[in-house]
Amino acid sequence: MSQIECAQPSRATRTKNNWGAVWSLALGSFASVTTEFLPVGVLPDVARTFGISDGHAGLMMTSPALFAAIAAPGVMLAAGRVDRRRVLIGLSVILLAACLIAAFASSFPMLLVSRAMVGASLGAFWSLGLAVAGRLVEPAQVHRAAGTIFGGAALAMIVGLPFGTFLASFFTWRGAFIGAGVLATVALIAQIVVLPSMPAHSPLRLGGFVAFARQRKAQVSLALTLLVFITHFGAYTYLMPLLIQAGVAGDSGTWVLLAYGFCALVANFAAARYVGRALHAAMLGNIVLLAAVLAVLPALDHSRLTVLTGVMVWGIAWGALPLCLNVWHRRVADGESEAAAALFTLATQVAIALGSVVGGVIVDHQSVGADFRYCAIIGFVAAGIVLRARAQRKPSKDHS
C-alpha cells in the first residue's frame, strides 16, 4: 500500500459514518495487543502447568513478537491489491483461532504455535490499521483517526497484564485466554458489521521500505525504538516472578499490576498534551526514569510498599514512551508513512522478542534482579542517543 492510497481515497470509503470503522480497528488493535501481553501476568502458572522454568515460559512473549516482526512488512507486501477489509477481517479470524488454541493447549509447543498465530495477526493488523486510517475519515481528521487506532494498542500495553492476572485468579490461565478470545470475537463482529470495502489502489513495494530505511534519521529512530522496547520488555516479561519474590502474589499481585496500569494510562493521556511541544525532553525524562526504576526495583523486594511504589513509578515512565516514540518516528516518515508504520511495528516486535528471550536466559542462569539491572543499562544507552540527537538538533536550529 502506498502513500497514494491514503492521499486519494475512494468516495465509497470516506463517509461521515466511518468513525465506527475507526473504532472497530481500535478495538481490534486493543484485542491483538492485549492477547500479546497476556502471558506476562500468567507466566508462573503456565510454567507450573507444563513443568518448565520461568525463562522457558518467557518464549510465550518471544514467539508472537518474532512472527509480528515478519508479518508487519510481509503481509502488507503480500496483500497486493486485495481489499483491505478482507485482509483485516482475516487477521482478526486468525487472532480468535489463536486464543482458542491457547486456551485448550495440551502441551507447551502447542501453546507456542498459538502464540505464533497471535504474532502473525497483530503485526500486520496494527500496521495495516494505521495505514488505512486516512481512508476512513475526512482529511482534517486523519491524525485523530490514526491516534485512535494507535490508542487501542497503547491501552492494551497498559491493561493487558492485569487483565490476564485478574481472569486467571478466577478461571486459571486458560480462562484468561478464553477472555482474550471474547475480546477478539467482539472486535471481529464489529469489523464485519462496520468496515467498508477498501480496494487497494496501489500495493506497497519493497522500495518504499528501502527508501525510508536509508534515511539517517529513520535509522536513529528505529535504533532508539529497539533499545527502549528491549529495556522495558526485557524486564516487564519477568515482573510477576519479581513480585512473587517480594511476597506479592495472588490478589495482591493483581492489585499491584492494576496500579501500574492506572499510572501508565494517566501518563499516556498526559503525554498527548505536551509531547508535540517538548518531544526531546519528554523522551529523555521518561527513558531516564524508566532505567532508574529498573536499576533500583530489585533492591526494594524486601517491602511490599516499596515494590508497589517502584512499579507505579515504572508505569508513569513507560506510559508516555510508546506515544513519544511513535511521534518521533512519524516525523521522519517523509512521504513513506505506510513503510514507516510497518518498520516501527517491526522494530517494536523484534525488541520484545529479544528482550523476553535474553531476559529469560539471564533469569534462569543468574537472577530476576540481574535481568532488571541489565535492562537498566540498555535504557541509559537509549537516553544517550536522545541526548546526542538533541545536541545535533540545536546547532541546526541556530544555523537556520
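A residue is called buried when its relative accessible area is under 20%, exposed when that area is over 50%, and partly exposed in between. That cut-off sorts the residues below. The structure is a predicted model.

**Overall make-up**

The protein chain has 15 helices and zero strands. Of its 400 residues, buried ones make up 57%. The accessible surface comes to about 15800 Å², and carbon and sulfur atoms account for 67% of that surface. Contacts reach far along the sequence: among those between residues at least 6 apart, 87% join residues at least 24 apart.

**Aromatic pairs**

A search of the whole structure turns up 14 aromatic pairs. One of them joins Trp173 and Phe177, with planes at 90 degrees and ring centres 6.0 Å apart, so this pair is edge-to-face. Both residues belong to helix α7, which covers residues 142–194. They are four residues apart, about one turn of the helix. Trp173 has a relative accessible area of 4%, so Trp173 is buried. Phe177 is buried too, because its relative accessibility is 1%.

A further edge-to-face pair is made by Phe233 and Tyr236, with 5.6 Å from centre to centre and 90 degrees between the planes. Its setting is helix α9, residues 216–236, where the two are three residues apart, about one turn of the helix. Phe233 is buried at 0% relative accessible area. Tyr236 is likewise buried, at 0%.

| Pair | Centre to centre | Angle between planes | Arrangement |
|---|---|---|---|
| Trp173 and Phe177 | 6.0 Å | 90 degrees | edge-to-face |
| Phe233 and Tyr236 | 5.6 Å | 90 degrees | edge-to-face |

Phe233 and Tyr236 also take part in an aromatic cluster. Its other members are Phe37, Phe229, Tyr260, Trp314, Trp318 and Phe372.

**The nonpolar cores**

Which residues have the most contacts inside the largest nonpolar core? They are Leu111 and Trp314, in a core of 119 residues. Helix α7 supplies the largest share of this core, 16 residues. Apart from this core lies another, of 12 residues, including Met76, Phe209, Ala339 and Leu343.

Leu111 links back to the first aromatic pair. Setting aside residues up to four places away in sequence, Leu111 touches Trp173 and Phe177. Leu111 also touches Val46, Phe50, Met60, Ala102 and Ala105. Trp314, for its part, is a member of the aromatic cluster named above.

**A buried threonine**

Thr35 sits in helix α2, residues 19–50. Is Thr35 buried or exposed? Its relative accessibility is 1%, so Thr35 counts as buried. Which residues is Thr35 in contact with, leaving aside its neighbours within four places in sequence? They are Leu95, Cys99, Arg115, Val118 and Ala180.

**A nonpolar patch on the surface**

Five side chains form a nonpolar patch on the surface: Leu100, Phe104, Ile178, Val182 and Val186. Together they have about 470 Å² of accessible area. Helix α7 gives the most to this patch, with three residues. Val182 has its place in helix α7. Its relative accessibility is 49%, so Val182 counts as partly exposed.

Helix α7 thus appears in several settings. It holds the buried Trp173 and the buried Phe177. It gives the largest share of the 119-residue core. It also gives the most to the nonpolar patch.

Notes: Residues numbered from 1 in each chain as written. Predicted model: local features only at pLDDT ≥ 70, side-chain atom pairs only at ≥ 80, totals over all residues. Heavy atoms only, no water. Phe/Tyr/Trp six-rings, centres within 6.5 Å; stacked < 30°, edge-to-face > 60°. Buried < 20%, exposed > 50% of the residue type's maximum accessible area, 1.4 Å probe, protein only. Patch = residues over 30% accessible without salt bridge, like charges linked within 9 Å, V, L, I, M, F, W, Y side chains within 5 Å. Areas by Shrake-Rupley, 256 points an atom, 1.4 Å probe, with all protein chains shown as cover. Salt bridge = Lys/Arg side-chain N within 4 Å of Asp/Glu carboxyl O. Contact = heavy atoms within 4.5 Å. Core = buried A, V, L, I, M, F, W, Y, C linked by side-chain atoms within 4.5 Å.
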